[in-house]
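Me: Could you walk me through this structure, beginning with the ligand and then moving out to the fold?

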Amino acid sequence: MGQHIQGKLEGKTAIITGAAAGLGEGIAEVYAKYGANICMVDLSPDVEHTAARIRGLHPDARIITITANVADKAQMIDAAKRTADTFGTIDIACCNAGVCRLAPFEDMTDEMRDFHIDVNIKGVWNSCQAVIPYMLANGGGSIVIASSVTGDIVADAGEAAYAMTKAALVGLTKCLAVEYADRHIRVNCSQLGYARTPMVEKMAIESNPADPESAIRDIAAGVPMKRLAKPTEVGELFAFLGSDESSYITGAQMVIDGGSTLPETMSIGTN
Ligand SMILES: NC(=O)c1ccc[n+]([C@@H]2O[C@H](COP(=O)([O-])OP(=O)(O)OC[C@H]3O[C@@H](n4cnc5c(N)ncnc54)[C@H](O)[C@@H]3O)[C@@H](O)[C@H]2O)c1
């Protein structure tokens, strides 16, 4: 409860998409702890309840909420304008909103494919185009994009649409990082393994409808640290990348996976 324990985001304004639940909620909680002004954006009106919970933890946090769809560019332009109108500018964008539905590739409909493209790729594209004019006017900023280890590094069966879109975000990150480096906008992406969020609980049901908890236990068993990430652990990475502490880091892919992409086999070794 109470005061910011450290103000490394003090005076900075951040827009966080997908902030009603899961990682976006964890990111918003950590941003509030570090003193940022926050605009929490989500498709779901539940974002208001989530903001109320975070205000309860950090009573002097300055938070607004906006119900908007990242896949709709006009809504994101409006969200960016309302954020800048409220707080003066936008320093940081956490492009976190994303979706994942599993299906065998031969059963995956074009609608399912396009749903992933619309939210995961166009949603980040729209968010970046909405905030960059404010960052340019303000002399710089930081964009943090939620990619994944899925697609760019590893993949499981059924993730074709998701993996494709998350890998695409690495390309977007690198291009924007180069394009805006001399105008002081840094662009980085996170590559998370697994955190326990509503998304992962849904994936566990799709993988093992009879016993989704066992699917979650199996994920943990495959991670060298033997657990999933907490959303606030991912929030700490987003806070570092958003803050001036990461001032020379741009175009980076930051793996945060408890070591899950490290093992070469499941059988060879001494433990
Ligand atoms: N949880 C993980 O293990 C994991 C791993 C790697 C990457 N990621 C990525 O992290 C991000 C967040 O994942 P999560 O697990 O918190 O997901 P989640 O489904 O638990 O929460 C996502 C939030 O985004 C919102 N949202 C969905 N579509 C939206 C849209 N069109 N516009 C605005 N808001 C929208 C949802 O309402 C929800 O509040 C995603 O981009 C995901 O791909 C998650």
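**Reading the ligand site and the fold**

Reply: Gladly! Around the ligand there are 28 residues, and the closest are Asp42, Asn69, Tyr162, Lys166 and Thr197. Please keep in mind that this is a predicted model.

Me: Which classes of residue make up the shell around the ligand?

Reply: Sorting the shell by class is a good place to start. Here 17 of its residues are nonpolar, nine are polar and two are charged.

Me: Next, polar contacts. Which atoms of the protein lie 2.6 Å and 2.5 Å from an oxygen atom of the ligand?

Reply: For a polar contact, look for a pair of N or O atoms within 3.5 Å. In this model, aspartate 42 places a polar side-chain atom 2.6 Å from a ligand oxygen atom, and threonine 197 has a polar side-chain atom 2.5 Å from an oxygen atom of the ligand. The backbone takes part as well: a polar backbone atom of valine 70 is 3.0 Å from a nitrogen atom of the ligand.

Me: How much of the ligand does the protein cover?

Reply: On its own the ligand has 830 Å² of accessible area, and the protein covers 92% of that.

Me: Which helix gives the most to the shell?

Reply: That is α6, with three residues. At least two shell residues come from each of α1 (22–33), α5 (160–180) and α6 (198–207).

Me: Now the strands. How do β2 and β3 run?

Reply: To read a strand pair, check its direction and its bridges. Strands β2 (residues 37–42) and β3 (residues 62–67) are parallel and joined by six bridges. Valine 41, for instance, faces isoleucine 66 of β3. Between the two strands the chain passes through helix α2 (residues 47–57), giving a right-handed β-α-β crossover.

Me: And the whole chain: how many helices and strands are there?

Reply: The chain has eight helices and seven strands. Its radius of gyration is 18 Å, close to the 18 Å from the globule rule for 271 residues, so the chain is as compact as a globular protein of that length. Along the principal axes, the C-alpha trace spans about 55 × 40 × 35 Å.

Conventions: Residues are numbered from 1 along each chain as its sequence is written. This is a predicted model: local features need pLDDT of at least 70, side-chain atom pairs count only at pLDDT 80 or more; totals for chains, interfaces and linings use all residues. Side-chain values use heavy atoms; hydrogens and water are left out. A residue is near a molecule or strand if one of its heavy atoms lies within 4 Å of it. A polar contact is a pair of N or O atoms within 3.5 Å; within protein, one must be able to donate a hydrogen and the other to accept it, and residues adjacent in sequence count only if both atoms are side-chain atoms. Accessible areas come from the Shrake-Rupley method with a 1.4 Å probe; for residues, only the protein chains shown count as cover. Helices (H or I, at least four residues) and strands (E, at least two) are DSSP runs, numbered from the N terminus. Ala, Val, Leu, Ile, Met, Phe, Trp, Tyr, Cys and Pro count as nonpolar, Asp, Glu, Lys and Arg as charged, and the others, Gly among them, as polar. Two strands pair if DSSP finds at least two bridges between them. A crossover is right-handed if, with the strands pointing away from the viewer, the path from the first strand over the helix to the second runs clockwise. The radius of gyration is taken over C-alpha atoms; the globule rule is 2.2 Å times the number of residues to the power 0.38.
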